[in-house]
2 protein chains.
Amino acid sequence: MTDRTAIIAGSGSLPAALVAASVDAPLVCALDGFDPVGLVPDHRFRVEGLNLFLDWLQERAVTRLVFAGAITRPRLDPARLDPGMARFLPVLAGALQSGDDAALRAVIGLFEGEGFAVVGADALAPELVPGPGLLAGELGERDRADAGRAAGIVAALGAVDVGQAAVVQQGLCLAVEALPGTDAMLAAVAALPANLRPDPVRGRGLLYKAPKPGQDRRIDLPAIGPETLQNVASAGLGGIVWEAGGAILLDRERLCTEAARQGMFLWARER
Amino acid sequence: MTDRTAIIAGSGSLPAALVAASVDAPLVCALDGFDPVGLVPDHRFRVEGLNLFLDWLQERAVTRLVFAGAITRPRLDPARLDPGMARFLPVLAGALQSGDDAALRAVIGLFEGEGFAVVGADALAPELVPGPGLLAGELGERDRADAGRAAGIVAALGAVDVGQAAVVQQGLCLAVEALPGTDAMLAAVAALPANLRPDPVRGRGLLYKAPKPGQDRRIDLPAIGPETLQNVASAGLGGIVWEAGGAILLDRERLCTEAARQGMFLWARER
């Protein structure tokens, strides 16, 4: 038996998109309390019984793991701890008290220490993480300039661990992603009074997404889907640009069809 | 006659606050089309007749100028150009095509070239730009940590010329200022769903403001006033922190009284 893969699923639609696009059929495991949309997990596990979950994976000859979907920091209930958890507790307790990135690195390290390979979504479904290229629409000079400006802004933001996205139109930064996320940012742009919006004739503006500089690309890549596109359209922008290899496309086919239909661009831009 | 001062007023309430707090009585000059709130200008001028304005200032023995209030880029109407404007046109035309910071630097240089000293609001009204210190309320350990995190974020944003403010609560960046400005950012925080807000018991969060790194502090310092405080309160935050010497307080007395009454902090933090 070779390289059997399991997805460790959080909430949202990414796990289902990943299963749909996978070249082989992965097992789906969900952390208790986090429900992937449109998928019935093969297995559920609790943090307090992580050792039992590791046994379950090993019994099924799983060798590769992919983390997909949103998981907020779970709380550890001491009363439910499995006795076999003792050896994991120091790492786990430390991880739960660290910042997001450090916590994820610790959890990945824990799985790797047990012999699993932790890989990115692109290893399972390469088409979800496209390399450089224009996937829909056309780009003008102004759009390319806006994308360059936005990439600089998102890199600066990522360096201070704030967000993974920004909206730029004609060189002006209309919004920057913080904790509330991309959809909240786009709603704020949609609600901007007209006198604060540049004249669309001279450049329609765009949403730009990229991972943080130095981020482990196996986890927490920004995602772009048909809903994102709809929100970008509602915000009166011309399209979406992202760092090539640095964002996951949800439902790529529908995304591209819809963008083409609305005359919007989708561009995986080389860093 | 020594050091007579003129304020070059844009829109908003800063010019009136500056006049009220000035140690001597400055002349108020307004660019045509920009109305300071609560002030009747001593003189109005047009960009096309800048030479006449310079003469006017010199006749009144004005030696110091302070720029105060918001001025959006004026358009130059060639039909209205005064013949005496010829020698200023190359600098002016260049300035009007530059980015905001470069345009302001060019305009300042133009006035300096004519022998005027361009000074900051603090030269006229030192109490409007307070040095380090706690002006109202009390700070906890958590508030100090949030202020440090926010200062790092605003510095990173300023370096890419995005904004001069951010909201941080318990280490989490809830919002970042972009084109729409501080009040729009605070309104977005006020509208955040409760499940995205950290538990206020563990830190109430704050608004932080600072000029951009390397910014000419004679112009465009961020302003904080009673209205800002009200918006900060509506956003459920604990207070306002700013870079000491890097923000202008509008109506300082009312601001401090109001903050004390609401149990909110006002802290000019040393960089």
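This report describes how two chains of a predicted model meet, and then turns to selected salt bridges and backbone angles.

**Relation of the two chains**

Two copies of a chain are related by a rotation about an axis and a shift along it. In this model, a turn of 179 degrees with a shift of 0.0 Å along the axis lays chain B on chain A, and the RMSD is 0.1 Å. That is the relation of a two-fold axis.

**The interface**

The contact between the chains involves 18 residues of chain B and 18 residues of chain A. Of the interface residues of chain B, 100% are also interface residues in chain A, so the copies meet through the same surface.

Between them, chain B and chain A bury about 1,500 Å², and 74% of this area lies on carbon and sulfur atoms. On the side of chain B, the residues that lose the most area to chain A are Val160(B), Leu179(B) and Pro180(B), which together account for 32% of what that side buries. Two elements of chain B, helix H6 (141-159) and strand E8 (172-176), each give two or more residues to the side that touches chain A. Sorted by class, this side of chain B has 15 nonpolar residues, 1 polar residue and 2 charged residues.

Which kinds of polar pairing occur between the chains? The count is 6 residue pairs in polar contact between chain B and chain A, with both residues at pLDDT 80 or more. As for salt bridges, the rule finds 0 across this interface.

**Salt bridges**

Side chains of opposite charge can pair when their charged atoms come close. Over all chains, the count comes to 26 salt bridges. Three examples from chain B are listed below.

| Salt bridge | Closest N to O distance |
|---|---|
| Asp32(B) and Arg46(B) | 3.1 Å |
| Glu48(B) and Arg46(B) | 3.2 Å |
| Glu59(B) and Arg60(B) | 3.5 Å |

The pair of Asp32(B) and Arg46(B) forms a salt bridge that links distant parts of the chain, with the two residues 14 residues apart. Asp32(B) lies in the loop between strand E2 (27-31) and strand E3 (43-45) of chain B, whereas Arg46(B) lies in the loop between E3 and helix H2 (50-59) of chain B. Asp32(B) is partly exposed, at a relative accessible area of 37%, and Arg46(B) is also partly exposed, at 26%.

Arg46(B) also meets Glu48(B) in a salt bridge. Is Glu48(B) buried or exposed? Glu48(B) has a relative accessible area of 2%, and a residue counts as buried when this value is under 20%; therefore Glu48(B) is buried.

In the pair of Glu59(B) and Arg60(B), Glu59(B) is exposed, with 61% relative accessibility, while Arg60(B) is partly exposed, with 29%.

In chain A, a network of salt bridges links Asp32(A), Arg46(A) and Glu48(A).

**Positive phi angles in chain A**

Two aspartates of chain A may be considered for their backbone angles. Asp220(A) is not a glycine, yet its phi is positive, near 60 degrees. This residue is in the loop between strand E9 (206-209) and strand E10 (223-224) of chain A, and Asp220(A) is partly exposed, with a relative accessible area of 46%.

Asp251(A), likewise not a glycine, has a positive phi of about 55 degrees. Where is Asp251(A) placed? Asp251(A) is in the loop between strand E12 (248-249) and helix H9 (252-261) of chain A. Its relative accessibility is 37%, and Asp251(A) therefore counts as partly exposed.

Technical notes. Residues are numbered from 1 along each chain as its sequence is written. Chains are lettered from A and ligands numbered from 1 in the order in which they are written. This is a predicted model: local features need pLDDT of at least 70, side-chain atom pairs count only at pLDDT 80 or more; totals for chains, interfaces and linings use all residues. Side-chain values use heavy atoms; hydrogens and water are left out. Copies are superposed by least squares on the C-alpha atoms of residues with pLDDT of at least 70 in both. Contact means heavy atoms within 4.5 Å. Buried area is the accessible area (1.4 Å probe) that two parts lose on being put together, summed over both. A salt bridge is a side-chain nitrogen of Lys or Arg within 4 Å of a carboxyl oxygen of Asp or Glu. A polar contact is a pair of N or O atoms within 3.5 Å; within protein, one must be able to donate a hydrogen and the other to accept it, and residues adjacent in sequence count only if both atoms are side-chain atoms. Helices (H or I, at least four residues) and strands (E, at least two) are DSSP runs, numbered from the N terminus. Ala, Val, Leu, Ile, Met, Phe, Trp, Tyr, Cys and Pro count as nonpolar, Asp, Glu, Lys and Arg as charged, and the others, Gly among them, as polar. Buried means under 20% relative accessible area, exposed over 50%, partly exposed in between (1.4 Å probe, protein chains only).
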